[in-house]
Amino acid sequence: MPGATPISVDDLHFDRRNPRLFLDRDVKEPELISLLWRDFAVDEVALSIASNGYFEHEPVFAAREDGRYVVVEGNRRLAAVRLLLDEDLRESVGATDLPEIDSDLRRQLTSLPVIVAAREDIWQYIGFKHVNGPQPWQSYAKAQYVAWVHNELGQPLEEIAQRIGDRHATVRRLYRGLMVLQQAERSGRFDLDDRWKKHFSFSHLYTGLDYHNIQELLGIDNETSFRPNPVPQRRLEALGDLCLWLYGRKSTDTRPLVQSQNPDLRRLETAIGNKNGLVALRRGLPLDVVVEISIGDEELFKGYLLEARQQLQHARGKQLTGDSGDNDTKRIADQILELAERLVLEMEDRRREERAKRRSGRSKK
């Protein structure tokens, strides 16, 4: 890889293909800097440069494209430098709390150390740093980068994983998640911009695609689904349902069922794997209700008893130090005892009735 070359800041351009920026349209540079300032903690970088200067051992990487130097690694640093040098730009993006810099630092920042290299020659470095390394991007940006390296540069997923030190199949899972998401968008079953929450929890999808019941719902598996358009045509409606349950829909005021990955994603998977649960999901019932329908009264009853026993064991363990001797705790314990005795009597009555029915049935034969 070539060494760094000083290049004027005015000759460096932001990378509009950066996977973190979610850019689906052409934006002018001030708007792009404003986006970086608002969402990517450029203030931290700018304050560090204002206090310590620009570290020469951290060059930016730029590709020569269409006659311009496009910064493919170091867009936050470029934004920070532009803001420190331009008072009008600070005003326009609301970065008015950045300090004024002295003439020596201003002179230093007029050019930056740049390593000029084609994108395809540095994907391993960027992939290690931001996909599996010390400065990770969010999962959606990681997936977009992996997909670019695989689909456009033709690198096998196994090769990408090996080059960036991925030992947990993260590369494959990210890639499959993005391919499923893009298929949902192309088919009109999902609109990323119409999701309920501003934050996009991409991990809900790519993690859920590992679960058996969700794979069954979508008609995918762990052998053939790591490719574009992995969901069969006949399952696209189910894919739309899944995206709705994961992310909701703002235009119809539909909240997502999965509020947090743990435990909601597993609860959703449990419901999907049950016929009654799936019907309840499609009717728009709350996840708590759907899970109860999926589990069934028999398992719920047993679970409640086990939970009650566990809590009583905990209470008994704290009785010596936790019972202050007041009447409230004794009254609660008496109520629990009364409820337990009633429950046992009702269970015994039912068993007697069932035995009587069986005897009556045998005598009629």
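The protein has a radius of gyration of 29 Å, whereas a compact globule of 365 residues would have one near 21 Å. This value, like every other given here, comes from a predicted model. Along the principal axes, the C-alpha atoms fill a box of roughly 100 × 60 × 40 Å. The secondary structure of the protein comprises 17 helices and five strands.

The strands provide a convenient point of entry. Five strands form an open sheet, and their order across it is β1-β5-β3-β4-β2, with mixed pairing. At the edges stand β1, residues 5–8, and β2, residues 12–14, each of which pairs on one side only. From one strand to the next, the twist averages 55°. As a general matter, strands of a sheet pair through backbone hydrogen bonds, in either the parallel or the antiparallel sense.

Both senses can be followed by moving through the sheet from the edge strand β2. Strand β2 runs parallel to β4, residues 68–73, and three bridges join the two. Within this pairing, H13 stands opposite V70 of β4, and F14 has V71 of β4 as its bridge partner. Strand β4 is also joined to β3, here by five bridges and in the antiparallel sense. One of the residue pairs between β3 and β4 is formed by F61 and its bridge partner E73 in β4. The hairpin of β3 and β4 has two residues between the strands, and D66 in this hairpin takes a positive phi near 55°. Beyond β3 comes β5, residues 111–116, as the order of the sheet shows. The pairing of β3 with β5 is parallel and extends over three bridges; V60 stands opposite V114 in β5.

A helix packs against this part of the sheet. Helix α6, residues 119–130, lies across β3, residues 60–65, and β4. The helix runs at about 30° to β4.

Helix α6 and strand β4 also take part in the lining of the second largest pocket. This pocket has a volume of about 520 Å³. Its lining consists of 25 residues, among which E58, R76, R77, K129 and Q135 lie nearest the centre of the pocket. At least two lining residues come from each of α2 (42–52), β4, α3 (75–85) and α6. Helix α2 makes the greatest contribution to the lining, with four residues. By residue class, the lining of this pocket divides into ten nonpolar, eight polar and seven charged residues.

Two details of backbone geometry complete the description. The first concerns A169, whose phi is near 60°, a positive value in a residue other than glycine. A169 is located in the loop between α8, residues 157–164, and α9, residues 170–186. The second concerns the peptide bond from N262 to P263, which is cis, with omega near 15°. P263 is found in helix α13, which covers residues 261–272.

How values were computed:
Residues are numbered from 1 along each chain as its sequence is written. This is a predicted model: local features need pLDDT of at least 70, side-chain atom pairs count only at pLDDT 80 or more; totals for chains, interfaces and linings use all residues. Side-chain values use heavy atoms; hydrogens and water are left out. Two strands pair if DSSP finds at least two bridges between them. Axes are lines fitted to C-alpha atoms, for helices over the stretch in contact, and angles run from 0 to 180 degrees between N-to-C directions. Contact means heavy atoms within 4.5 Å. On a 1 Å grid over the protein atoms alone, a cavity is a set of points where a 1.4 Å probe fits but cannot get out, and a pocket is an open set with protein on both sides within 12 Å along at least five of seven lines; lining residues have an atom within 4 Å of a point. Grid points are joined across faces, edges and corners, and a volume is the space filled by probe spheres set on the points. Ala, Val, Leu, Ile, Met, Phe, Trp, Tyr, Cys and Pro count as nonpolar, Asp, Glu, Lys and Arg as charged, and the others, Gly among them, as polar. The radius of gyration is taken over C-alpha atoms; the globule rule is 2.2 Å times the number of residues to the power 0.38.
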